[in-house]
Amino acid sequence: MRLDEYMDIERDERAERRRLAEEKSYGILDHLETFQDRFEETVQGDSLYGGVSPSIFVGRSNYPNVSTGILSPVGHDEDAASFETSAAWYDEGVSIDDVFQRRTSLLNSNRGTKVTNVADSWDGFLGTQREVAIADRPVTVEIGLDGKPSLDLDASADDVATPVGPRARARSADLAENPHVPKLVQKTLEDDDWNAEGAMTYLYRRGFDVYDINTILSAGALGQTEQRRLVPTRWSITAVDDTLGQYLRGQVKHAESVDGVEIYRNEFIGNAFWVILAPGRWEFELIELKAPGSVWNPDPEAGMYLAADREGYEGRTGYVNETAGAYHASRLGVLEHLKERGRQAKALVIRHVSDDYWGPVGVWQIRESIRHAFEGEMAQAETFGDAVRDVTEYLPVSLAALRRKSTMAAGLQTDIFDFG
């Protein structure tokens, strides 16, 4: 199937800039205006009784002295699990407003603590938080708050761009039920000599998704005893994607190559993703195109912003400079697909962030969009260069601009092993 047959998109419509970010915020502002009533009905005096917590949060400011909290969806105990970020959000087809409303409904009952020496910390507030993290379902907790939580409903553009729920300093936290901890997680906890990377891979191979693993890692519940520490949530997400990506790369790098050039596409909440797989040894690059007038590229006259990072057959040795967590999330989705097929390939992912994506919802949407891209019908091309040229026809940048930014688009790197 040729790409023009595969696509059912008007090019001009794809390239047109639509509404600016500030025009998109009314839904979340309406939500914030009604949130206070539910909040006051749920919080009794200076304590929140019977809150059901699906997750935790570990901050990164002032590291290694961080704020660590238990997240509870205020007034939604019966469906608390739906407030925890997971692959189910993609299946549900959530919107940006949906994500923001869920996140701003989470009360973050927090305390300050050091990230180190947490291996045996299973008592008090920190212990309760860690029990919530390793449980496989939401846990009922009783949280004593040190004063009434502050709730600022005057959301500015910055608040909308980075939505957070109310925060309160926690005086105490106690379990109101015995959490159910999977036996496989108990096994990793009990093995004091198991490094964190090995434990992550063990859980992943046995059916745990990245969302479960990064919460367990964040709570300092993986790794050798002396190395167990709290990991800021943002860091743990990238660490898990990176670690599992390295494991999968090792699984596919000696496999047979794909036979031809394949093109996949997916679109989700204002992001369009293209994945091109080509014959040859493993190589990966992510290119991001961010539209003018968006939160990431706010000047409507600035032109499209391009960012790119890549790796060769042996992987990366340095930090991902331009695409950060998006790189590891998209790479994981590609490698999972190749592992399932028992093949390797040269892989180029192009992410077009339109101005419909008016606020950040997290790298989970990148990971899930790539995972699901391979479920649909694919297009084919004679060569990698043809595929890049064809895809560029549906992008708001020229082929020349793409080649200036992308190593792979400028000229696919080949060596003698690609022809073996």
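This section describes buried elements, salt bridges, surface charge and backbone geometry in the structure. The structure is a predicted model, and residues are numbered from 1 along each chain.

Burial is considered first for helix 6. This helix spans residues 124-134, and 10 of its 11 residues are buried, so helix 6 is largely enclosed by the rest of the structure. The buried positions are Phe125, Leu126, Gly127, Thr128, Gln129, Arg130, Glu131, Val132, Ala133 and Ile134. Charged residues are thus present in this buried set, including Arg130 and Glu131.

A second buried site is found at Met408, a residue of helix 16 (residues 407-410). Met408 has a relative accessible area of 0% and is buried. When neighbours within four places in sequence are left aside, the contacts of Met408 are Glu283, Phe284, Glu285, Lys346, Ala347, Leu348 and Phe384. Of these contacts, Glu283 belongs to strand 10 (residues 283-290), and strand 13 covers residues 346-353. The C-alpha atom of Met408 is separated by 9.2 Å from that of Gly385, which lies 23 residues away along the chain.

Salt bridges were examined next. The whole structure contains 19 salt bridges. In one of these, Glu283, the residue in contact with Met408, pairs through its side chain with Arg310 at an N to O distance of 2.8 Å. This pair links distant parts of the chain, with Glu283 in strand 10 and Arg310 in strand 11 (residues 305-311), 27 residues apart. The two partners differ in accessibility: Glu283 is buried at 3% relative accessibility, whereas Arg310 is partly exposed, with a relative accessible area of 26%.

Strand 10 also supplies Glu288, whose side chain meets that of Arg351 in a salt bridge of 2.5 Å, N to O. Glu288 lies in strand 10 and Arg351 in strand 13, so the pair ties together parts that are 63 residues apart in sequence. Here both partners are buried, Glu288 at 2% relative accessibility and Arg351 at 7%.

A further salt bridge connects two helices. Asp242 and Arg331 are paired, with their closest N and O atoms 2.8 Å apart. Because Asp242 lies in helix 11 (residues 233-252) and Arg331 in helix 12 (residues 324-341), this bridge ties together parts that are 89 residues apart in sequence. Asp242 is partly exposed, with a relative accessible area of 22%, while Arg331 is buried, with a relative accessible area of 2%. Salt bridges also join into a network, in which Asp209, Glu336, Glu368 and Arg371 are linked.

Charge is also gathered on the surface. A patch of negative charge consists of Asp120, Glu190, Asp191, Asp192, Asp193 and Glu226. Within this patch, Asp191 is located in the loop between helix 8 (183-190) and helix 9 (196-205). Asp191 counts as partly exposed, its relative accessibility being 30%. A patch of positive charge is formed by Lys187, Arg205, Arg206 and Lys339. Arg205 is placed in helix 9 and counts as exposed, at 55% relative accessibility.

The backbone shows several notable features. The peptide bond from Tyr63 to Pro64 is cis, with omega near 15°. Pro64 occupies the loop between strand 2 (55-58) and strand 3 (65-73). Positive phi values occur at two residues other than glycine, one of them being Ile269, with phi near 35°. Ile269 is found in the loop between strand 8 (261-268) and strand 9 (271-278), and it counts as buried at 17% relative accessibility, given that the limit for burial is under 20%. The other is Ala324, where phi is near 50°. Ala324 lies in helix 12, the helix that also contains Arg331. In contrast to the buried Ile269, Ala324 is partly exposed, with a relative accessible area of 36%.

Technical notes: This is a predicted model: local features need pLDDT of at least 70, side-chain atom pairs count only at pLDDT 80 or more; totals for chains, interfaces and linings use all residues. Side-chain values use heavy atoms; hydrogens and water are left out. Buried means under 20% relative accessible area, exposed over 50%, partly exposed in between (1.4 Å probe, protein chains only). Helices (H or I, at least four residues) and strands (E, at least two) are DSSP runs, numbered from the N terminus. Patches are made of residues with over 30% relative accessible area and no salt bridge: like charges are joined within 9 Å, nonpolar side chains (Val, Leu, Ile, Met, Phe, Trp, Tyr) within 5 Å. Accessible areas come from the Shrake-Rupley method with a 1.4 Å probe; for residues, only the protein chains shown count as cover. A salt bridge is a side-chain nitrogen of Lys or Arg within 4 Å of a carboxyl oxygen of Asp or Glu. Lys and Arg count as positive and Asp and Glu as negative; His and the chain ends are not counted. The place of a charge is taken as NZ of Lys, CZ of Arg, CG of Asp or CD of Glu. Contact means heavy atoms within 4.5 Å.
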